[in-house]
Amino acid sequence: MGNLEEALWTQENEQYWHGIAAGGTMKLFVWDLHGTLEKGNERAVIDISNLVLERFGHAERFSYGDNSRLYGRKWYEYFAWLFETPDHERDLALQDACFSLSESSPEIQCRWVRPTPHAPAVLREIKSRHCQVLISNTRAETLKVFIDALEYDDFFSSGNAFAVDGHTERPVNSKADVLADYLRDAGRGFDEIVIVGDSPGDMKLKAVAGGITYLFAHPDVEFRQCEPDHRIRDLRAILKRL
Ligand SMILES: [Mg+2]
């Protein structure tokens with residue numbers, strides 16, 4: 001085959017496979033929320049933590065600069081890091097107070113939260129052709145608050161948005177359990193699973209049923225340590241998988 005013929009053949013073939021993808025395949029996109037589909041929650045975490053520290057009479061405070069070191073950890077681990085003396089009961093009590101405060105004052109949670117650039121367009125494009133599911137390490141009460149604040153309610157509802165209360169040492173459900181349940185209940189197979197998140201735990205979801213992993217980091221945040229298939233700083237990179 002000559003170069004021109006080969007080029008034409010490749011082009012035709014690509015069009016053919018693109019046509020198959022548009023018409024016949026169904027993929028599942030698995031999303032993480034915090035740090036992936038939103039930006040700014042890390043500041044609310046600091047605000048709430050400092051309010052609780054004040055109410056409990058502690059002198060210690062977090063700075064917004066502590067975010068880069070702590071973001072992605074469980075809330076009680078923030079306090080374990082802050083105090084010089086270890087006291088797991090104290091940290092759990094502070095964590096509980098943080099959850100109560102964030103549930104009773106959603107305006108603090110939503111003060112800083114914004115959609116990641118291009119996220120709405122990417123979610124809309126996926127919705128038009130494939131399936132997507134949101135699995136977040138937060139509590140059910142707060143997940144709805146975030147979805148509404150980010151105006152993602154067009155993309156995620158109770159059938160495809162799940163909260164995993166990961167803020168305990170031994171969560172009853174893990175993200176992997178939730179994904180396995182979702183796949184079992186879906187009543188169909190998917191031609192491809194695409195996993196997008198900002199943490200090593202998100203990337204491990206590949207172990208549930210395979211898939212291609214994308215580790216996301218906002219442009220001003222370092223990539224977390226792990227071995228994803230791809231590292232991206234712009235969510236539009238996901239559109240290649242459609
Ligand atoms: Mg995350």
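Here is a chat between a visitor and a guide about this predicted model.

Visitor: What kind of model is this, and how are residues numbered?
Guide: It's a predicted model, where local features need pLDDT of at least 70, side-chain atom pairs count only at pLDDT 80 or more, and totals for chains, interfaces and linings use all residues. Residues are numbered along each chain as its sequence is written, starting from 1.

Visitor: How many helices and strands are in the protein chain?
Guide: Both kinds are DSSP runs numbered from the N terminus: helices are H or I with at least four residues, strands are E with at least two. On that basis the protein chain has eleven helices and eight strands.

Visitor: In what order do the strands of the open sheet come?
Guide: Strands of a sheet pair through backbone hydrogen bonds, either parallel or antiparallel. Here two strands pair if DSSP finds at least two bridges between them. Six strands make up this open sheet, and the pairing is parallel. The order is β5-β4-β1-β6-β7-β8.

Visitor: Which strands stand at the edges?
Guide: An edge strand here has a single partner strand, so one side of it is left without a neighbour in the sheet. That applies to β5 and β8 (230–232).

Visitor: What does the twist average from one strand to the next?
Guide: Axes are lines fitted to C-alpha atoms (for helices, over the stretch in contact), and angles run from 0 to 180 degrees between N-to-C directions. From one strand to the next, the twist averages 20°.

Visitor: Over how many bridges do β1 and β6 pair?
Guide: The two pair in the parallel sense, and Leu28 stands opposite Ile193 in β6. On the β4 side, β1 pairs in the parallel sense over four bridges, and the bridge partner of Leu28 there is Cys131. For β1 and β6 the count is five bridges.

Visitor: Which residue of β5 stands opposite Leu134?
Guide: β4 and β5 run parallel and are joined by three bridges. Opposite Leu134 in β5 is Ala161.

Visitor: How many of the five residues of β1 are buried?
Guide: A residue is buried if 20 or more other C-beta atoms lie within 10 Å of its own, exposed if 12 or fewer, and partly exposed in between, with C-beta atoms placed from the backbone. Across the 242 residues of the protein chain, 30% count as buried. β1 is largely enclosed by the rest of the structure, because its buried residues number four of the five.

Visitor: Lys27 is in β1 too, so how does it count?
Guide: Leaving aside neighbours within four places in sequence, Lys27 is in contact (C-beta atoms, placed from the backbone, within 7 Å) with His130, Phe190, Asp191, Glu192, Val194 and Arg241. Lys27 has 19 C-beta neighbours inside 10 Å, so it counts as partly exposed.

Visitor: Which residues have the most contacts inside the largest nonpolar core?
Guide: A nonpolar core is a set of buried Ala, Val, Leu, Ile, Met, Phe, Trp, Tyr and Cys residues joined through C-beta atoms within 7 Å. The largest has 36 residues, and the elements giving two or more residues to it include β1 (27–31), β4 (131–136) and β6 (192–197). Those with the most contacts inside it are Val30, Val194, Ile195 and Val196.

Visitor: Which strands does helix α9 lie across?
Guide: Helix α9 covers residues 175–185 and runs at about 155° to β4. The strands are β1, β4 and β5.

Visitor: Is α4 oblique or roughly parallel to α5?
Guide: Helix α4 (residues 75–82) and helix α5 (residues 88–104) pack at about 130°, with their axes 8 Å apart. Angles under 35 degrees count as roughly parallel, over 145 as roughly antiparallel, 65 to 115 as roughly perpendicular, and the rest as oblique. That angle makes α4 oblique to α5.

Visitor: Where does Glu151 lie, and is it buried or exposed?
Guide: Most residues other than glycine have a negative phi. Glu151 is not a glycine, yet its phi is positive, about 60°. The residue lies in the loop between α8 and β5. With 10 other C-beta atoms within 10 Å, Glu151 is exposed.

Methods:
Two residues are in contact if their C-beta atoms, placed from the backbone, lie within 7 Å.
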